[in-house]
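Work through the two exercises below with the coordinates open. Each solution proceeds in steps.

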Amino acid sequence: MEQKIVIVDGNSLINRAYFAMSELKNSNGIYTGGVFGLTSMVFSLIENFKPTHFCVAFDMKGPTFRHLSYDQYKGTRKGMPEELVMQMPIVKDILDALNISRVELQGYEADDLIGTIAKFCVENDIEANVITGDKDALQLVAFGANVHITKKGITQLKLYKDADILEEWGVHANQVIDFKGLSGDSSDNIPGIPGVGPKTASKLLSTFGTVENLIERYEEIENKRIRGLVEEHAAQAMMSKRLATIFTEVPVELELDTFKVKEPNIERAIQLFKKYELTNLMSKLKVKVETHAVADQSALLTLNGFIDLALSEKAFTFKIFYDCENVIDRNFVMATFRVGKDVCVLTDLDDLLALKPIFENSAIMKNGFDLKREYLFLMDHQIDLQGVRFDGFIAAYLLDPARRSYDLAEIVFENASTKVISDEDLLGKGAKKLRLSDLKVEQIQPYAISHLNGIVNLKEVFVPKLEEMNFTDLFENVEVPLVKILADIEHTGFRVDMDKINELDLQLIDKISEIESTVYHLAGESFNINSPKQLGVILFEKLELPMGKKTKTGYSTSHDVLEKLANLHPIINEIIEYRTYTKLKSTYIDGLRLVIDERDHRVHTSLNQTIAVTGRLSSTEPNLQNIPIKLPYGRKIRRFFIADDGSTLLDADYSQIELRVLAHLSEDPKLIEAFNTDMDIHTLTASQVFHISESEVTSLQRSRAKEVNFGIVYGMGEFGLSESLGISRKDAKIYIDNYFASYPRVKGFMDEVIEACKEKGYVETILNRKRAITDINNSNFMLRSAAERIARNTPIQGSAADIIKLAMIKVYEALKKQKLKSKLILQVHDELILNVPTDEIEAVEKLLKVCMEEAYKLIVPLKVEMNTGDSWYEAH
DNA sequence: TCAACAACTC
DNA sequence: GATTAGAGTTGTTGAA
């Protein structure tokens, strides 16, 4: 077998890892960000490079030979922060447990050790891969080492070839040291030649080649100033070059066998990961054992070959690649399929469409990643995808719902053994980002196949993991079936009334310009009212209004601050009005217009399944989950959203679903009783909190009790309650105390949730959805309190989300079974909206009520309220 | 390009 | 003694 070594610059990577995740601590307050980052890097390097040899080099304390020749070497560098110094022995322990050899030597830097080992390996025909964040190491490219420089913290690597160095610095690999010798390096305090920067250095070197040659022939330098500089600082340039040169003859014993990759000492590693609470790393240990290598030998199937295999094997994995011109136009580029180890690549849309019977055959199991995209594409072509069993996107979300993104390449990189070519690798990023259709098929194919194989590998790892975490039922029976429903909702869209939009737009334009001039008049000058910074200056400096809160960057001009100033100056109310109207115009008129499909006059919102940590959905482009309702004027926006001709909108929302879930989870007798007898829960709470009979409750008391009920669900404290009700903290405390006295099990439940969370590190919903809460044992009061509020709220919010997801599935199935034409067109957390042909209203009302109320059996009843109307305004 | 702020929802 | 309500998206400003 070919031999391959990975040599890691331990100091460089741990530094980067630490700064990328400096806040990571375990519950004893020991910082572990650097340890975590470096160790996960080691795991991924082993998985991705599959090296036969591996070692990590470290710097040692104390002066090196460079300091002895130049006492200011690295003189400007600050020492490692204390929090990082503490992590060094931990990292070394972990590396030892993983049986990974580390090297360090008094008097030499990690760089020199790396250079020495790399050179030795290259000379002995072993592929040498150097991993570091320090571009000085690029000089090693000159003798044939592969140098990979970390990007974005340490999450990505870039392999530098000679050409890359040339592009970045304008010099060849073997001139890197000359380049440093001339231009210097402020981070190492290498002086170079003062006045010579990177540009000049590369220009000089392209003519003269080396520093030595340059100095010898300095008289040939055309630019007079630079000639002088070179002459004057020749000695310093020579010294700088020496300092920048990695010493590749370090007297270490090079016994290759010591670097061989060995099986880790799993028990010891697990022990350490537990001790430092690096639980994510634990799974990597298992992954290493469980992952099956995927054969890279695979046949390329023809369309018919694939059809035969799909029919006989009854399962395949696939991905369709397409460009989105805008929200609705999808341009086919390529589709890839895998059955067993064989792969099929289609580039002709007609071939893909020929697979309609295969896609629609529910006996053939389909696996993929982010299958909502596949559903949408196939729906465009009247193909009704059936038989989906596994969606890696959804699996990744259930296993770690707090992730920022679920990019396939990242997920596979972290969990499985293959390398997936990322979008950025293929398409670039920023302004220069390409579309798939800009590339040739041959360029896309390796990318597409790497995605396909990544999904297959991911499935191998995730299926047992889902089982282990008790997610199988939630995954198979809720989240995966929901994918299709969300695609259907998105595909159907919500019709909008353009005339209504234009009408309100004209009104708003008038109102805004009128208020604008009033504000300028009252302020005595014109300024940008949208700028909190400029507004702050006007209000608190020019008009000398009393300043309320401050933000990090200046005066706060938030609504509640302004409200308190309303009586002091007429400009305040104008500004409040200005804000409400401009909000409506920019977000709900101008913003909405941008996402209306010109062809069908509908908005096709994207309902995202993997965004919210609690299990809720989120809605984007446009966000239909935050259409105004509270204020009468804003509520008019709901007139934009209308039923199809011959149909009406049916809007059904759960009444008090979160408080019912709370009653269920806490088993509080009084709460249960209240819902069993269908009492008004806010009135009941008011009577409890104010110690009066329900008939005596005033509307003010009821609305305060409503705030209390909400506050409890969110884990609000007395301060928050006093602020939101405008009462004293003392009174707020009394309310809260009275609340818990009336519903004693609620308090008990909250305490138990936190207790269990401290123990297990996560909280759960009724369908076993889990959310890890890391700060629950944090010694920092603020972080711990926030974690406790999250722990209290997540089971409630998350269980309510579970229930409405179940309801959506029931409704969807029931509509299909009864062959009704009514369609789900939106979900807003506790509300479902359907477009219902007029003749189906009665049937669908019945169906909807049953499906929603019976979605999940709580110990209290679920109650649904329904309304119909031509627009969302009337229906809700 | 990105963080901060503000405003809208359940 | 602190700090203070859970979950989201979008638009604007202004600094890098």
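A polar contact here is a pair of N or O atoms within 3.5 Å. The model is predicted.

**Exercise 1.** Determine which residues and elements surround DNA strand C, and which polar contacts its phosphate oxygens make.

*Solution.*
Step 1. Collect the residues with a heavy atom within 4 Å of the strand. For DNA strand C there are 35, and the closest are Ser531, Lys533, Glu621, Asn623 and Met716. Of the strand's atoms that come within 4 Å of the protein, sugar and phosphate account for 60%.

Step 2. Look for polar contacts to phosphate oxygens. A polar backbone atom of Glu621 is 2.8 Å from one. Side-chain N or O atoms are 2.8 Å from a phosphate oxygen in Asn528 and in Arg771.

Step 3. Assign elements. Those giving two or more residues to this surface include α25 (532–542), α27 (570–594) and β17 (618–620). The largest share, six residues, comes from α36.

Step 4. Sort by class: nine residues are nonpolar, 18 polar and eight charged.

**Exercise 2.** Describe the surroundings of DNA strand B in the same steps.

*Solution.*
Step 1. DNA strand B has 23 residues around it, and Thr557, Arg579, Arg616, Ile629 and Lys630 come nearest. Sugar or phosphate makes up 89% of the strand's atoms within 4 Å of the protein, and bases the rest.

Step 2. A phosphate oxygen lies 2.8 Å from a backbone N or O atom of Thr557. A sugar or linking oxygen is 2.8 Å from a side-chain N or O atom of Asp830, and one is 3.4 Å from a polar backbone atom of Val828.

Step 3. α27 gives the most to this surface, with four residues.

Step 4. The classes are six nonpolar, eleven polar and six charged.

Terms used: Residues numbered from 1 in each chain as written. Chains lettered and ligands numbered in written order. Predicted model: local features only at pLDDT ≥ 70, side-chain atom pairs only at ≥ 80, totals over all residues. Heavy atoms only, no water. Polar contact = N/O pair within 3.5 Å; in protein donor to acceptor, adjacent residues only side chain to side chain. Nonpolar A, V, L, I, M, F, W, Y, C, P; charged D, E, K, R; others polar.
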